[in-house]
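I wanted to get my bearings in a structure I had not looked at before. These are my jottings, in the order I made them.

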Amino acid sequence: MEEPKATLKANNVDDLESIVDQLIESNARLPVEAIEAARENREEITPLLIRLVEDATRDCRQGLTIEDDGHFYATYLLAEFGESEAWPAVLAAASLPGEKPFELYEDAITEDFGHIFAALVGDQLDALHSIIDDPTLNVYVRWQAIEALLFLIRDGVLTRESVVERLTGHLERAIEQKDEVAEGIISRLNDLGAEAALPIIASAFEKQLVDTQMIGSLEHVQRNIVRGDEAFQETMDRLRRPQDLIAHLSKWAAFQEEDEDESDTFVSGPLLLTDEYLDDADYVAENETTIRNEGVKIGRNEKCPCGSGKKYKKCCGKM
């Protein structure tokens, strides 16, 4: 009979530091035992996890190369714990200029920062709106702040009506400033079935602020958005937070065996309908709204699996 697995319960600071060291020194392998040990010592280890994020952010800001993934696992654990105390540290990391947030988190920015933001923001909800409105931040980070609002609706923290109102205001400002965040806002107003926002959405199309390869034509958006409650409910149903961090990260390509058949790799993030699909009546009948798949993660610099020839980050990985 197999012996039950023992879980490390830290008795002193040295034990906690040992867990942190295991997260740092994982050598590209998922540090399952360290994650489990951190869970068992949640309250005591939280300040150390926050420190990992702060230290990595400081080094990245200074132009240093981040050699380990301790901050990466720390961020996911803090989100799993719902530690709003960690919000300033994670916000600072996500607010680094240019591509630096990706130097720290790579595909986690586009894949998971929506639910991470929602888990950590606590009562500082205006911070999400500040992210959305800030053109100096990485646009992928801003889009994940929009995604966080959807998670907060699902969790009962915000109402659909209040989010639609705020996003409509964001879209108006984005149109005035010719801000590329408009695309992400329209996508989520579409998901929310926000019929009242159709006039301002039409204005964004008229001003050519929308890539129709990403969002589809205005007619397509109109056709979906008038579904209203049905579109909204489908959006709520597809939102997922990882139920188990280890199982979730195990799906990432970085933790797969190198000889795994690449043909089985497909996108787990959003894949938006485009007009090339709309020519297929059967496809449209079966897929009236945004498509979401579950599986191994695609890197943002890899070729997009939709066949466009673009990098994933410039195509279906934009939202």
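My entries start with confidence and then move on to a few helices and residues.

**Ground rules.** I'm working with a predicted model, where local features need pLDDT of at least 70, side-chain atom pairs count only at pLDDT 80 or more, and totals for chains, interfaces and linings use all residues. Residues are numbered from 1 along each chain as its sequence is written, and side-chain values use heavy atoms, with hydrogens and water left out.

**Confidence.** I looked up pLDDT, the predictor's confidence in each residue, from 0 to 100. The protein averages 83, and 76% of the residues score at least 70. Residues 1–6 stay under 50, and the model gives them two contacts (heavy atoms within 4.5 Å) beyond four places in sequence. Residues 259–297 also stay under 50, yet there I find 84 contacts beyond four places in sequence. Note to self: where pLDDT is low, the predicted coordinates should not be read in detail.

**Helix α5.** Helices here are DSSP runs (H or I, at least four residues), numbered from the N terminus. Which residues of α5, residues 87–94, are buried? I get Trp87, Ala89, Val90, Ala93 and Ala94, where buried means under 20% relative accessible area, exposed over 50% and partly exposed in between (1.4 Å probe, protein chains only). They sit on the same side of α5, because they cover an arc of only 165° around the axis, taken from the directions from the helix axis to the C-beta atoms. Their cover includes α3 (42–61), α4 (70–81), α6 (100–105), α7 (108–120), α8 (126–133) and α9 (139–154).

**His115.** I found this one in helix α7. His115 counts as buried because its relative accessibility is 6%. Beyond its neighbours within four places in sequence, His115 touches Phe151, Arg240, Arg241 and Pro242.

**α9 against α15.** How do α9 and α15 cross? Their axes (lines fitted to C-alpha atoms over the stretch in contact, with angles from 0 to 180 degrees between N-to-C directions) come within 10 Å and cross at roughly 95°. That makes the two helices roughly perpendicular, the label for 65 to 115 degrees. From α9, I see Glu147, Leu150, Ile153 and Arg154 making the contact, and from α15, Phe232, Thr235, Met236 and Arg238.

**Glu234.** Still in α15, which spans residues 229–238, I checked Glu234. Glu234 is partly exposed, at 31% relative accessible area. Its C-alpha atom is 8.0 Å from that of Asp191, though the two are 43 residues apart along the chain.

Definitions and conventions: Angles under 35 degrees count as roughly parallel, over 145 as roughly antiparallel, 65 to 115 as roughly perpendicular and the rest as oblique.
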